[in-house]
Amino acid sequence: MMGTPVLLNRTSTLFKIFEKLLVVEMRIVFTKLRLFFLQKQQEMNKSKEIIVLDHKRSNAINIAMTKLPPPRAIKAAILKMDPTVVTREGIDKLLNMLPTDEERGKIQEAQMANPELPLGSAEQFLLTLASISELAARLKLWAFRLDFDNNEKEIAEPLMDLKHGIEILRHNRTFKCILSTLLSVGIFLNGAAVKGFQIEYLAKVPEVKDTVHKHSLLHHLCHMVMESCAETTDLYSEIGPATRASKADFTELAYNLSQMEHECKSSWDRLKLIAKHDCPPQLKQKLVDFLADCAERIILLQIVHRRVMNRYRKFLLWLGVPQHSVAESKPNEFCRIVSEFALEYRTTRERVQQQLEKKANHRERNKTRGKLIVDITKFKTKEDKQDAELKELLGTPSSDTADGTLTWRRRRAEALKSPINRQSEENFTDGDDEILESLVKTATKAPGSRTTPRERKRTRHADRKSLRRTLKNGLTEEEKQHVAALIQTY
C-alpha cells in the first residue's frame, strides 16, 4: 500500500514528458506544412507570369536592368539621345541585350495566347526595346557620337608628338654632337672610314666596355661630348615628345583612323534609316551637322597622318638610313630606341659630372695641403672671392690684412674685449706710456744681466739606473761596497 503513491507520481511525470514531446513534434509538422504551402503558392504566382526566355538569358537581362533606368525612361532617352539618362556604359549593355526577331515573335505569341497573364520582367523589357524603331541604328549612332572626341584625341596626340619629336631631334645640338662623336669613335676602333651607322646601334652603346677600367662606351662618350661641346645638355629632358610618341602604336593608330572613316560612313546610312521614322527635326539637324563636321575632321586627320609619316621617312633618310629600311621602320620603335638611349645618357652624364666635381675638389684641397696659415689667403675659395667682390661693390672695407692673419680671430678678439678695456685703451696718458716703456725694457733685458743665474731642475730619481743597464755593465767598486754593507746590516 505504501508503494502505490510512488508509482502514480512516476506515471504522471512520464505523461507530462510525453505531452511535451508531442507538442514539439506537432509544431515541427505544422512548420513543414506551412513552408510547403508557401512554395506551392509561389509556384502558382510564377505560373501566372508569361515566361518565354530561357533561364540564362532571363537572368542576364534582370542583372543588367538593375544598373539601368526604368524601361519607359530608357525608351524616351534613346529617342532623344539624352546622355544624362543613359551613359556610355548603358549603351553597351543595351547593345548586348537587343531582342532578336525570334524572341520578339515568341513573346508576342505568348501574350496573345494568354492576354490575362502579365509578362515577366525580362520579357517586358525586351518587348519595350522592340517597340523602338531602328533600335540598333540609334544606339550605334549614339555611341559613335559620344566616342568621336576621344577617338580623335587618341589619334591626333601621337601624331603631334611624333612631329615635334622629329623637329627637336633634327635641330638638337646635343643629339648631333653625340652622333658625330660616336661615329668618330667607331671609325677609330674599326680602322675603316664609314659614312654612318645603324640607329639600332644606340641600344648597344651602354653594353660595350673597355678592357682596362671596364667603363662602358657611353661613359667615354659622355667625357668626349662634355669636353668637345661644353654647351650640351642631358638630351632626355629635351625630347619629351619623342618619348611620348614611343608609347603609341602607329600601326594600330592607322587602323583606328580607317575604322573612324568607316563608322562615319555607316552613321550616315543609319541616320537615313532613323529619319524615315519618328525623328524630331531638331535632332535630325543636329545629327546632320555633327556627321558633316566629323567627316571634315577625319579628312584632316588623314592628311595630317600622311604628312607626318612622310616627314618621319625624310628624317630617317636625313639620318642616313637606307631606302629599303625606311619602309620597314616603325615610328614607335625608332622613338623608343632614342628615348632609352637618352635616358641612359642622362644617367651616365650625371655620374661623370659627379666624378669631375670630386676631382676638382680634390685638386683644390691639394693646393692648400702643407701650406702655412699665413699663405692661405692666396687660395681663397669661390665663396670668399664672391664675398670680397660684394664688399667692394657695396663699399665695405675689407678686414683682411697684409700679414695674412685670419679675419675671424681679429673679430673674436675685438668681441671679447670688455667696454672698460676699450675705454682704458682710448684714455691712455703720457704717464701710462712711460710705465709701459719701462716694463718693456725690464722684460727685454739680456740673459747675462740677471743677478742669479737659472739652474736646471733635476728630476727626483736622477741617480737611479735601470736594472737592464746594471746587469749588462756590472757594478762599480763603490756600489759593491754599498751592497755588502747592506747585506751585513740585514
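Phe125 touches Ile61, Met65, Leu68, Pro71, Ile74, Leu94 and Met97, leaving out residues up to four places away in sequence. That is a good place to start a tour of this predicted model.

**The core around Phe125**

Phe125 is also one of the residues with the most contacts inside the largest nonpolar core, together with Ile78, Leu94, Leu162 and Phe334. This core has 86 residues. Helix H7 (residues 135-171) supplies the largest share, with 13 residues. Both domain 1 (55-132) and domain 2 (152-337) contribute residues to the core, so the core lies between them. Leu94 appears twice in this picture: Phe125 touches Leu94, and Leu94 is among the core residues with the most contacts.

**Aromatic rings**

Let us turn to the rings. The model holds eight aromatic pairs, counting rings whose centres lie within 6.5 Å. One of them joins Phe315 and Phe334, with ring centres 5.8 Å apart and planes at 75°; since planes over 60 degrees apart count as edge-to-face, the pair is edge-to-face. Phe315 sits in helix H12 (residues 281-319) and Phe334 in helix H14, 19 residues apart, so to speak a link between distant parts of the chain. Both Phe315 and Phe334 are buried. They belong to one aromatic cluster with Tyr312 and Trp318. Trp318 has a charged companion as well: Arg170 lies over the face of its ring, at 5.0 Å from the ring centre.

**Thr348 and Lys106**

Which residues does Thr348 contact, leaving aside its neighbours within four places in sequence? They are Leu218, His219 and Cys222. Thr348 is found in helix H14 (residues 331-368), and its side chain reaches the backbone oxygen of Glu344 at 2.9 Å.

Lys106 belongs to helix H5 (residues 101-113). Its C-alpha atom is separated by 8.8 Å from that of Leu53, although Lys106 and Leu53 are 53 residues apart along the chain.

Is each of these two residues buried or exposed, or partly exposed? The table sets out the values for Thr348 and Lys106.

| Residue | Relative accessibility | Class |
|---|---|---|
| Thr348 | 6% | buried |
| Lys106 | 42% | partly exposed |

The classes follow from the cut-offs: buried means under 20% relative accessible area, and partly exposed lies between that and 50%. Thr348, at 6%, therefore counts as buried, and Lys106, at 42%, counts as partly exposed.

Notes:
Residues numbered from 1 in each chain as written. Predicted model: local features only at pLDDT ≥ 70, side-chain atom pairs only at ≥ 80, totals over all residues. Heavy atoms only, no water. Core = buried A, V, L, I, M, F, W, Y, C linked by side-chain atoms within 4.5 Å. Buried < 20%, exposed > 50% of the residue type's maximum accessible area, 1.4 Å probe, protein only. Helix = DSSP H or I, 4+ residues; strand = E, 2+ residues; numbered from the N terminus. Domains from an automatic or database assignment. Contact = heavy atoms within 4.5 Å. Polar contact = N/O pair within 3.5 Å; in protein donor to acceptor, adjacent residues only side chain to side chain. Phe/Tyr/Trp six-rings, centres within 6.5 Å; stacked < 30°, edge-to-face > 60°. Lys NZ or Arg CZ within 6 Å of the ring centre and 35° of its normal.
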